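Here are some short exercises to work through with the structure open beside you. Try each task before reading its solution.

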Amino acid sequence: MDFKRNILITGGAGFIGSHVVRLFVNKYPDYHIICLDKLTYAGNLANLKDIEDAPNYTFVKSDICDYETIQAVMLQHNIDGIIHLAAESHVDRSIKDPFTFARTNVMGTLSLLQAAKLYWESLPERYDGKLFYHISTDEVYGALELSHPEGIEPPFTTTASSGEHHLAYGTDFFYETTKYNPHSPYSASKASSDHFVRAFHDTYGMPTIVTNCSNNYGPYQFPEKLIPLFINNIRQRKPLPVYGKGENVRDWLYVVDHARAIDTIFHNGKPAETYNIGGFNEWKNIDLIKVMIKTVDRLLGNPEGYSDELITYVTDRAGHDLRYAIDSTKLKNELGWEPSLQFEEGIEKTVSWYLDNQAWLDNITSGEYERYYDDMYKNR
Ligand code: NAD
Ligand code: TYD
C-alpha cells in the first residue's frame, strides 16, 4: 500500500513514545508509522498492544546507535519524517552510569541525524517535505530559583508572557530563549543532542524542530519515576523515598497532552524553531505525594491518612534541581495548543490506570528491575 507519509518514531515502545505512536497510528490511517526501539528496560511492546496489528504500523527492534540499520530503515521505508524520542531518560540512572546516557542520547541522535542527512540529500527533492523533530526536556535549562515577592509565601500568582496568571513557586519561567545550563548527566546529554540537531539545521539546512517539555505523567510510565513508583509503593505498602525535604518543584503535564502537542508541532511547527511545552502546573514534590496518597487510599477503600506513614525522607539526589517551570505561551499563541486536562482529573485517571493495570506493573517490575531498585533504595 502507498502511504501519504512514512514516519519513523524512535523510542516508541517507551512511555511518551507509545502515546505518540498510538495517536499517529489511529489518527492518520494514511501514514505509515515505523516504530523503532531497542527495547531497553524502559521499552515494552505491551505498551502498544492495542495497535500492534494496525495495517499502517511496523515495529523495528534496533539500537539508534546502529548506524547501518538506521540507514537501511530510512531507505527501505522511504522515511520523510522522524520524531525522535529514544533516550535514556532517568536522572538517577544517569548519576550512576553517565556513559550509557552519552552513548544513546548523544551518539544515537547523531547517528539518526547523519543517516537522515545522507538519505534525504540523495533524493531529487532533497529536504523538501522532510522533518527531523527532536523531543527534548526542560531540564536542559538548568534550575529556577524558589524566589518569591516579599511577604508572599509560594505558591503565589504570577504572570506568564501570555499575560495570564498562574500559580507559581518563583518569579521566573523557562522560555525558548533561556540559556542552556544543564546540571545532571541526563540533562547534559540531552542538551548536547539538542545542539547537534540545531547544528544539522545551521550547517546542512536540514529541517529540524526541537521541543522542550516539562515532566510528564500518565499511563505506561516506567515505575522508577516519581508518580508511578509512589502509586505502586503505596499499593504494596512499601516506603515512599522522598528526596531531601520534598521541597523541589516540578511542572507536570499529562502525557496525552504532550502527544497532542507533538502532533500539532509536527504538522504546523516552523522548521528551525524551538517550542516549550508545559501546562503551567507546578507542584512541590511533597504536596504532590500527599495528593497521590489520598487518591490511592480513597480508590482502594482505605481510611483517610492510612498510607501517610509510608513517607520516608531519604538522602537528597546529587545536584537535585530545585524548580522547573515552563512558559509555553509561544506554542499557545503560534500554534493554538493548550493542555486539555486539569491536573486533578489527570492524577485521578493516572492513579486509576495503575491500580487497574497491576499485571502490567508487576510484569515490568519483576526480576532485574526489582534487584536494581532494592539496591538503589538500600544505598540512600
Ligand atoms: P522512556 O525511558 O520511558 O522511553 C525511552 C524509550 O527509548 C524506551 O522504549 C527505550 O527502549 C528506548 N531506547 C532507549 N535507548 C535506546 C537506543 N539506544 N536505541 C533505541 N531505542 C532506545 O522515556 P520517556 O519518558 O518516554 O521519554 C521519551 C523522550 O522524551 C526522551 O527523549 C526524554 O528525554 C523526553 N522527555 C521526557 C519527559 C518525561 O517527563 N518523561 C519530559 C520531557 C522530555
Ligand atoms: P523524576 O520522576 O525522577 O523526574 P525528574 O527528576 O526528571 O524531574 O523525579 C521527580 C521529582 O521527584 C524530582 O524532584 C525527584 C523526586 N523524587 C523523589 O523524591 N523520590 C523518588 O523516589 C524519585 C524517583 C523522585
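**Exercise 1. Find which side chain offers an N or O atom 2.6 Å from an oxygen atom of ligand 2.**

Step 1: Begin with the side chain of Glu139, where an N or O atom lies 2.6 Å from an oxygen atom of ligand 2 in this predicted model. That is a polar contact, a pair of N or O atoms within 3.5 Å; within protein, one must be able to donate a hydrogen and the other to accept it, and residues adjacent in sequence count only if both atoms are side-chain atoms.

Step 2: Look for further partners. The side chain of Arg250 has an N or O atom 2.7 Å from an oxygen atom of ligand 2, and a backbone N or O atom of Tyr243 is 2.9 Å from an oxygen atom of ligand 2.

Step 3: Widen the view to the 18 residues that surround ligand 2 (a heavy atom within 4 Å). Among the closest are Pro241, Arg317 and His320.

A note on the model: it is predicted, with local features needing pLDDT of at least 70 and side-chain atom pairs counting only at pLDDT 80 or more, while totals for chains, interfaces and linings use all residues. Residues are numbered from 1 along each chain as its sequence is written, chains are lettered from A and ligands numbered from 1 in the order in which they are written, and side-chain values use heavy atoms, leaving out hydrogens and water.

**Exercise 2. Work out how many residues surround ligand 1, and which are the closest.**

Step 1: There are 28 residues around ligand 1, and the closest are Ile16, Asp37, Ser89, Tyr186 and Lys190.

Step 2: Check the side chain of Ser89: one of its N or O atoms is 2.6 Å from an oxygen atom of ligand 1.

Step 3: Turn to the backbone. An N or O atom of Gly14 lies 2.9 Å from a ligand 1 oxygen, and a polar backbone atom of Lys38 is 3.1 Å from a ligand 1 nitrogen.

**Exercise 3. Trace the order of the seven strands in the open sheet.**

Step 1: Strands are DSSP runs of E, at least two residues; helices are runs of H or I, at least four; both are numbered from the N terminus. Two strands pair if DSSP finds at least two bridges between them.

Step 2: The order is S3-S2-S1-S4-S5-S8-S12, with parallel pairing. The edges are S3 (57-61) and S12 (274-277), each pairing on one side only.

Step 3: Zoom in on S5 (residues 131-137) and S8 (residues 208-213), which are joined in the parallel sense over six bridges. Here Thr137 stands opposite Cys213 in S8.
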